[in-house]
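Q: I should like to learn how to read the features of a protein model. May we go through one example together, step by step?

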Amino acid sequence: MQRKSAIQPGWIGGLALGTATYAATGSPVLTALSMSAGPLITLLGSATVLSLSDSMGPRRATTVMPIAFALQALPHLAWGGGS
């Protein structure tokens, strides 16, 4: 059995982000938060979206999700990219 070792790109990106955060702030706490933020957001988002998908019917989901994505594209909302 042959074992392949691969370094995941997300791990390298997290390490680079942690290094940049520590260089900019000098804070080990902020460095740890910046390195663990990606997996934590994925975990919380997965739990939320998966529980909503179980409670929502397919027809309602295909109506609600495009509306939610369209709202994110509008400028001047709290989560929007507009200035």
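Q: Does Thr31 count as buried, partly exposed or exposed, and why?

A: Please keep in mind that this is a predicted model. To classify a residue, one compares its relative accessible area with a cut-off: buried means under 20%. Thr31 has a relative accessibility of 11%, so Thr31 counts as buried.

Q: Where in the chain is Thr31 placed, and which residues does Thr31 touch?

A: One begins with the element that holds the residue, and then looks for contacts beyond its sequence neighbours. Thr31 is placed in helix H2. Leaving aside residues up to four places away in sequence, Thr31 touches Gly18, Thr21 and Tyr22.

Q: Which backbone oxygen does the side chain of Thr31 reach?

A: Here one reads the two partners and the distance between them. The side chain of Thr31 reaches the backbone oxygen of Ser27 at 2.8 Å.

Q: What can be said of Ser34 when the steps used for Thr31 are repeated?

A: Ser34 is found in helix H2, which spans residues 28–55. With a relative accessibility of 16%, which is under the 20% cut-off, Ser34 counts as buried. Its side chain reaches the backbone oxygen of Thr31 at 2.9 Å. Apart from residues up to four places away in sequence, Ser34 touches Leu17, Gly18 and Thr21. Gly18 and Thr21 therefore appear in the contact lists of both Ser34 and Thr31, the two residues that count as buried here.

Q: Is Thr25 buried or partly exposed, and which backbone atoms lie by its side chain?

A: The class comes from the relative area, and the partners come from the distances. Thr25 lies in helix H1. Because its relative accessible area is 43%, Thr25 is partly exposed. The side chain of Thr25 reaches the backbone oxygen of Thr21 at 2.7 Å. In addition, a polar atom of the Thr25 side chain lies 3.2 Å from the backbone nitrogen of Ser27. Ser27 is also the residue whose backbone oxygen is reached by the side chain of Thr31.

Q: Which residues form the nonpolar patch on the surface?

A: To read a patch, one lists its members, then the area they expose together, then the elements they come from. The members are Trp11, Ile12, Leu15 and Met35, with about 400 Å² of accessible area together. Helix H1, residues 9–25, supplies the largest share of the patch, namely three residues.

Q: How accessible are Ile12 and Met35, two of these members?

A: Ile12 has its place in helix H1. Its relative accessibility is 44%, so Ile12 counts as partly exposed. Met35 is found in helix H2. Met35 is also partly exposed, because its relative accessible area is 38%.

Q: What does Met35 touch, and how far is Met35 from Thr21?

A: One may set separation along the sequence beside distance in space. Met35 touches Gly14, Leu15 and Gly18, not counting residues up to four places away in sequence. Leu15 is also a member of the nonpolar patch. Met35 and Thr21 are 14 residues apart in sequence, and their C-alpha atoms are 9.0 Å apart in space.

Q: What describes the chain as a whole?

A: One counts the elements, notes their order, and then turns to the surface. The chain has three helices and zero strands, and its pattern along the sequence is α-α-α. Of its 83 residues, 8% count as buried. The chain exposes about 7200 Å², of which carbon and sulfur atoms supply 70%.

Key. Residues are numbered from 1 along each chain as its sequence is written. This is a predicted model: local features need pLDDT of at least 70, side-chain atom pairs count only at pLDDT 80 or more; totals for chains, interfaces and linings use all residues. Side-chain values use heavy atoms; hydrogens and water are left out. Patches are made of residues with over 30% relative accessible area and no salt bridge: like charges are joined within 9 Å, nonpolar side chains (Val, Leu, Ile, Met, Phe, Trp, Tyr) within 5 Å. Accessible areas come from the Shrake-Rupley method with a 1.4 Å probe; for residues, only the protein chains shown count as cover. A salt bridge is a side-chain nitrogen of Lys or Arg within 4 Å of a carboxyl oxygen of Asp or Glu. Helices (H or I, at least four residues) and strands (E, at least two) are DSSP runs, numbered from the N terminus. Buried means under 20% relative accessible area, exposed over 50%, partly exposed in between (1.4 Å probe, protein chains only). A polar contact is a pair of N or O atoms within 3.5 Å; within protein, one must be able to donate a hydrogen and the other to accept it, and residues adjacent in sequence count only if both atoms are side-chain atoms. Contact means heavy atoms within 4.5 Å.
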